[in-house]
Amino acid sequence: MNDLDQWLGQVRAMPTDARLEGLDDAVMQGVARRREQGAARRSLMLAGFLAIGIGWAGSIVPGAPAQAAPAPIGMSDYAPSRLLGQ
């Protein structure tokens, strides 16, 4: 047991590697990047499911039959000749 205590004491006395100084920042940046990727993936899946649901609901609900407009094409109620009463 004394040998183990001596070895641990020697390891404690050794200088630390300089690369370990930036390890915390690198790990936290990696965690933040993974969190952002997960949020983006969830948002994309939600949008996909929403689009599938809307498409499915739109295919089930019957639509109204198409009808032609009563006014001739190009003749608007806001045309100058109609606004001036001619």
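The accessible surface of the chain adds up to about 8,400 Å², and carbon and sulfur atoms account for 64% of that. These values come from a predicted model, not an experiment-derived one, so to speak. Very little of the chain is tucked away: of its 86 residues, 2% count as buried.

As for the fold, the secondary structure amounts to three helices and zero strands. Read from the N terminus, the elements go α-α-α. Helix H2 covers residues 23–60, and Leu-23 sits in that helix.

Leu-23 also turns up on the surface. Together with Leu-20, Val-27, Met-28 and Val-31, Leu-23 makes a nonpolar surface patch of about 450 Å². Leu-23 itself is partly exposed, with a relative accessible area of 43%. That value clears the cut-off for joining a patch, because patch residues need over 30% relative accessible area.

Turning to charged side chains, the structure holds one salt bridge. The partners are Arg-19 and Asp-17, whose side chains meet at 2.6 Å, N to O. This pair counts as a salt bridge because the nitrogen of an Arg side chain has to lie within 4 Å of a carboxyl oxygen of Asp or Glu, and the 2.6 Å contact fits that limit. The two partners differ in how much of them is open to solvent probing: Arg-19 is exposed, at a relative accessible area of 69%, whereas Asp-17 is partly exposed, at 33%. Neither falls in the buried class, because buried means under 20% relative accessible area.

Methods
Residues are numbered from 1 along each chain as its sequence is written. This is a predicted model: local features need pLDDT of at least 70, side-chain atom pairs count only at pLDDT 80 or more; totals for chains, interfaces and linings use all residues. Side-chain values use heavy atoms; hydrogens and water are left out. Buried means under 20% relative accessible area, exposed over 50%, partly exposed in between (1.4 Å probe, protein chains only). Helices (H or I, at least four residues) and strands (E, at least two) are DSSP runs, numbered from the N terminus. Accessible areas come from the Shrake-Rupley method with a 1.4 Å probe; for residues, only the protein chains shown count as cover. Patches are made of residues with over 30% relative accessible area and no salt bridge: like charges are joined within 9 Å, nonpolar side chains (Val, Leu, Ile, Met, Phe, Trp, Tyr) within 5 Å.
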